[in-house]
Amino acid sequence: MGKIIKVSGPLVVAEGMADANMADVVRVGPHRLIGEILNMTGDLASIQVYEETSGLGPGAEVVTTGAPLSVELGPGLIENIYDGIQRPLEEIVKRVGANITRGIEVPPLPRDKKWHWTPVAAVGDAVTGGDVLGTVPETASVLHKIMVPNGVIGTVEYLAADGEYTILDEIARIKLPGGETRSLTMVQKWPVRVGRPYQKKFPPVTPLQSGQRVIDTMFPIAKGGTAAVPGPFGSGKTVVQHQLAKWSDVDIVVYIGCGERGNEMTDVLREFPELTDPRTGETLMKRTVLIANTSDMPVAAREASVYTGITIAEYFRDMGYDVAVIADSTSRWAEALREMSGRLEEMPGEEGYPAYLASRLAQFYERAGVVQCMGSDDRTGSLTAVGAVSPPGGDLSEPVSQGTMRIVKVFWSLDASLAYRRHFPAINWLNSYSLYLESMRPWYDEHLGEEFMVNRSRAMRLLQEENELNEIVQLVGKDSLSATDQLTLEIARMLREDFLQQNAFMDVDSYSSFDRQKRLLGLILHYENLCRGAIARGAALTDLYAIPSRERLGWAKYTESDQYARAYDEIARTMAEEIEALARKAGEQS
């Protein structure tokens with residue numbers, strides 16, 4: 001037990017803490033505020049307090065728990081809403097109302113709720129950390145696998161029968177090699193700053209389907225990959241991340257609202273229960289864990305929220321699931337690091353951020369990946385990390401953006417000018433990139449055909465040519481361009497407006513499957529091929545633009561999901577007939 005000698009905002013210095021250790025969780029003052037030891041100097045401990053410290057003063061008691069900041073892992077995580085240190089916000093609201101009182105202690109997982117346990121192991125089985133002992137149907141979308149905690153090796157001595165149990169009931173006993181027995185429940189703890197172990201890491205080779213055409217076709221991310229969404233205020237970072245959380249083909253989504261506005265988290269809470277997951281038919285909340293640490297909550301807890309979220313994600317990854325972590329935004333997390341670093345009087349780095357900013361960012365993103373899970377059976381899980389970056393004034397040269405760009409493999413650069421023109425997702429196709437394209441090419445060739453990647457490269461070339469031609473147009477006007485260059489501008493405009501642009505508020509356009517994306521892109525480029533052939537035979541551009549199929553092509557992305565294949569084939573057939581008729585007529589006139 002120690003005594004406070006200094007209080008500086010969320011930083012508290014206590015003496016008499018010689019028995020405590022670095023990273024220990026402590027309880028501070030009469031309200032038992034939760035805090036974490038950041039550094040030790042002799043018997044002095046600098047403590048980061050995760051709650052409001054007003055009213056604390058010198059002489060108040062500090063008690064160490066002797067354990068690092070950890071999360072509880074077990075049934076009850078899905079559909080829950082936590083703050084940055086895994087306190088269940090809905091349960092707290094039920095107990096004390098909307099204004100959360102300081103020092104409140106509520107268990108993260110419900111203690112009295114009974115879950116239906118089904119054993120899958122058997123008495124006498126030799127087990128090791130990561131082996132599945134039994135399952136619990138946590139939601140209609142998620143089968144929760146109860147695993148042997150990491151580091152435990154032995155033989156199953158007792159296994160609870162099929163039935164209803166709480167998370168604290170004994171469900172197994174393991175006889176350890178030394179002869180002693182370890183009792184297991186459905187819940188286990190894990191320190192948030194330590195990555196959960198795995199047997200082997202694999203290179204990511206399978207695309208994560210988000211349903212967003214500019215992402216899936218142009219700048220795809222692999223399952224187990226890393227991506228950053230940088231952009232200035234109002235460019236649509238949160239919209240992009242909401243779309244990823246809604247439609248990504250993963251089993252579990254962990255959404256971390258880190259220092260963002262409360263109304264954005266409110267949108268998530270209102271929308272997700274109403275939206276249907278295209279994979280399972282259930283509501284999206286049935287596979288979602290929310291970490292809500294909004295801008296009006298204590299700054300120090302922001303720093304913990306990112307680790308809390310990714311540790312929960314690793315737990316589900318270890319069950320063999322595909323998991324996505326959406327962090328919105330890592331810039332607010334970095335600002336919390338900067339504030340605590342300043343109060344600790346550490347040597348500041350660039351723009352006042354701590355010198356270890358880049359390594360902390362790397363520690364977060366490097367916990368992503370495709371892994372062979374711990375345990376005797378052959379399970380593979382993936383964890384995909386997507387972080388928003390909010391650079392002040394949209395300046396991508398600032399430290400958080402630069403540190404992130406050095407680590408992630410996918411960069412979706414948001415452009416405020418596109419957002420102002422109502423082009424969403426506002427991802428700039430000239431500044432963005434994906435380094436997973438080559439590693440995922442075999443998957444695309446096998447599932448979508450080799451033509452898909454050829455068309456993708458051709459579309460990117462057309463968009464780059466448009467950018468170069470626009471500079472000429474500004475100097476000498478559009479009419480001075482050749483017919484083929486004018487066609488390039490028109491096809492690029494069609495790619496932008498009819499393919500890359502999506503409407504998140506229209507059900508039919510909010511999500512686009514891989515097959516639909518392939519067919520739509522192929523249709524636009526087929527129109528280009530037909531037009532170039534017709535121009536060579538003397539057809540006029542204005543006539544080619546005026547054909548009825550051209551207007552139908554502009555509306556093609558709004559075709560209902562069960563009708564698009566037939567509709568696109570029909571457009572391709574009539575388009576070919578109409579353009580051939582124009583070309584034949586032009587040939588006869590010449």
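These are my notebook entries on the nonpolar cores and salt bridges of this structure, which is a predicted model.

**Entry 1, the cores.** I began with the largest nonpolar core, which holds 78 residues, and I looked up which members touch the most other members: they are Trp412 and Tyr527. I then asked which helix gives the most to this core, and I found helix H14, residues 514–536, with ten residues. I also noted that another core lies apart from this one, with 77 residues, and that Ala160, Ile167, Ile252 and Tyr365 are among them. As background I wrote down that in soluble globular proteins nonpolar side chains tend to be buried together.

**Entry 2, around Trp412.** I listed the contacts of Trp412, leaving out residues up to four places away in sequence, and the list includes Ile215, Phe219, Ile221, Val229, Leu244, Val386 and Ile427. Pro230 and Ser432 are also touched by Trp412.

**Entry 3, salt bridges.** How many salt bridges are there? I noted a count of 37, and I picked out three pairs to follow in turn.

The side chains of Arg287 and Asp277 meet in a salt bridge, with 3.1 Å from N to O. Both residues lie in the loop between helix H4 (262–271) and strand E21 (288–293), so this pair ties together parts that are ten residues apart in sequence. Buried or exposed, I asked of Arg287? Its relative accessibility is 1%, and because buried means under 20%, Arg287 counts as buried. Asp277, at 2% relative accessibility, counts as buried by that cut-off.

Next I looked at Glu528 and Arg458, whose side chains meet in a salt bridge at 2.6 Å, N to O. Glu528 lies in helix H14 and Arg458 in helix H11 (residues 450–476), so the pair ties together parts that are 70 residues apart in sequence. Helix H14 is thus a name I had already met, as the helix that gives the most to the largest core. I noted that Glu528 is buried, and so is Arg458.

My third pair was Glu570 and Arg573, whose side chains meet in a salt bridge at 2.7 Å, N to O. Both lie in helix H17 (residues 564–589), three residues apart, which is about one turn of the helix. Here Glu570 has 29% relative accessibility and counts as partly exposed, and Arg573, at 43%, counts as partly exposed too.

**Entry 4, a network.** Last, I looked up which residues are joined by salt bridges that share partners, and I found Glu490, Arg493, Glu497, Asp498 and Arg550 in one network.

Note on methods:
Residues numbered from 1 in each chain as written. Predicted model: local features only at pLDDT ≥ 70, side-chain atom pairs only at ≥ 80, totals over all residues. Heavy atoms only, no water. Core = buried A, V, L, I, M, F, W, Y, C linked by side-chain atoms within 4.5 Å. Buried < 20%, exposed > 50% of the residue type's maximum accessible area, 1.4 Å probe, protein only. Helix = DSSP H or I, 4+ residues; strand = E, 2+ residues; numbered from the N terminus. Contact = heavy atoms within 4.5 Å.
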